[in-house]
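I sat down with this one to look up a few contacts between side chains and between helices. Here are my notes, in the order I made them.

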Amino acid sequence: MASIVGICNRALQKVGAQAIVSLSENTRNARSLNRAYDSVRKAELENHSWSFAVKRATLPADAPSPDWGRANAFTLPNDFIRLLPDYPERLYGDEDFQIENGKIITNFSAPLEIRYIADIVDPDMMTPLFREVLACKLAIEIAAEITQSSSISAEVADQYEKEIRKAKKQNAFQTKPAVAPDDTFISCRR
């Protein structure tokens, strides 16, 4: 069973620092990780379309509608990180929307169906490779403060690049490849 403290201890292991029991303990390692964990986790979730973090939602239209411009507003889910295309296999789309102040503003009518990257908090919901990526990124963030060594930071950054490539490659096997739109030069000659 994965845990936040387990991910954090993996980050500490990467920089050669002492493990913690809790993020709330009064040690430099725990305080440093406590400050970094949530923002680094959210940034890594936003960084890629991780299949474990994809969710779907059907949103009702807000009342009243926007003052001007597009016709409808839809409040984003509380766990929203980033919007995804409704059909991931398409490289193009006819979506006409704007995200403003926690709402999708669009001319589409209600209900609005969306796909999005969700704020996954439970480490058991994350893939093992993503947890390793997260531990590497945390190690990069805390390395200077905890070790005062730029060489350790560089080593962990190299390890992060390797781990992110592995995780993205594995994630790609879980999704259908995108289909490029027809090129107008070719399609007009048919």
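**Salt bridges first**

I began with Glu132 and Arg10, whose side chains meet in a salt bridge at 2.9 Å, N to O. This pair ties together distant parts of the chain, as Glu132 sits in helix α3 and Arg10 in helix α1, 122 residues apart. A reminder to myself before going on: the model is predicted.

I then looked up how accessible the two partners are. Glu132 has a relative accessible area of 16%, so I put it down as buried, since buried means under 20%. Arg10 comes out at 30% relative accessibility and therefore counts as partly exposed.

How many salt bridges does the structure hold? I found eight, and I followed up some of them.

The next pair I noted was Arg35 and Glu145, which form a salt bridge at 2.6 Å, N to O. Here too the link is between distant parts of the chain: Arg35 belongs to helix α2 (residues 28–47) and Glu145 to helix α3, with their positions 110 residues apart. Arg35 has 54% relative accessibility, so it counts as exposed, the cut-off being over 50%. Glu145, with a relative accessible area of 33%, is therefore partly exposed.

My third pair was Asp119 with Arg41, a salt bridge whose closest N and O atoms are 2.2 Å apart. Asp119 lies in the loop between β6 (112–118) and α3, while Arg41 is in helix α2, and the two are 78 residues apart. Are these two partners buried or exposed? I have both Asp119 and Arg41 down as buried.

I also checked for shared partners. Arg10, Lys14 and Glu132 are joined into one network by salt bridges that have partners in common.

**Helix α1 against α3**

The bridge from Arg10 to Glu132 sent me to the helices that carry them. Helix α1 (residues 4–14) packs on helix α3 (residues 128–147) at an angle of about 55°, and their axes are 8 Å apart. The two helices are therefore oblique to each other. I noted the crossing of α1 past α3 as right-handed.

Which residues make this contact? On the α1 side I listed Ile7, Cys8, Arg10, Ala11, Leu12 and Lys14. On the α3 side I listed Arg131, Glu132, Leu134, Ala135, Cys136, Leu138, Ala139, Ile142 and Ile146. Sorted by type, the residues of the α1 contact with α3 are eleven nonpolar, four charged and no polar.

**Helix α1 against α2**

I turned to α2 next. α1 and α2 pack at an angle of about 115°, with axes 11 Å apart. I therefore wrote α1 down as roughly perpendicular to α2. This crossing of α1 past α2 is right-handed.

The α1 residues in the contact are Ile4, Ile7, Cys8, Ala11 and Leu12, and they meet Asn29, Leu33 and Tyr37 of α2. The residues of the α1 contact with α2 divide into seven nonpolar, one polar and no charged.

**A last stop at Thr106**

To finish, I looked up a residue in a strand: Thr106 is in strand β5 (residues 103–106). Its relative accessible area is 1%, so Thr106 is buried. What is Thr106 in contact with, leaving aside its neighbours within four places in sequence? My list for Thr106 reads Arg70, Ala71, Asn72, Phe74, Asp96, Phe97 and Leu112.

How values were computed: Residues are numbered from 1 along each chain as its sequence is written. This is a predicted model: local features need pLDDT of at least 70, side-chain atom pairs count only at pLDDT 80 or more; totals for chains, interfaces and linings use all residues. Side-chain values use heavy atoms; hydrogens and water are left out. Axes are lines fitted to C-alpha atoms, for helices over the stretch in contact, and angles run from 0 to 180 degrees between N-to-C directions. Helices (H or I, at least four residues) and strands (E, at least two) are DSSP runs, numbered from the N terminus. Angles under 35 degrees count as roughly parallel, over 145 as roughly antiparallel, 65 to 115 as roughly perpendicular and the rest as oblique. A crossing is left-handed if the near helix is turned anticlockwise from the far one by less than a right angle, and right-handed if clockwise. Contact means heavy atoms within 4.5 Å. Ala, Val, Leu, Ile, Met, Phe, Trp, Tyr, Cys and Pro count as nonpolar, Asp, Glu, Lys and Arg as charged, and the others, Gly among them, as polar. A salt bridge is a side-chain nitrogen of Lys or Arg within 4 Å of a carboxyl oxygen of Asp or Glu. Buried means under 20% relative accessible area, exposed over 50%, partly exposed in between (1.4 Å probe, protein chains only).
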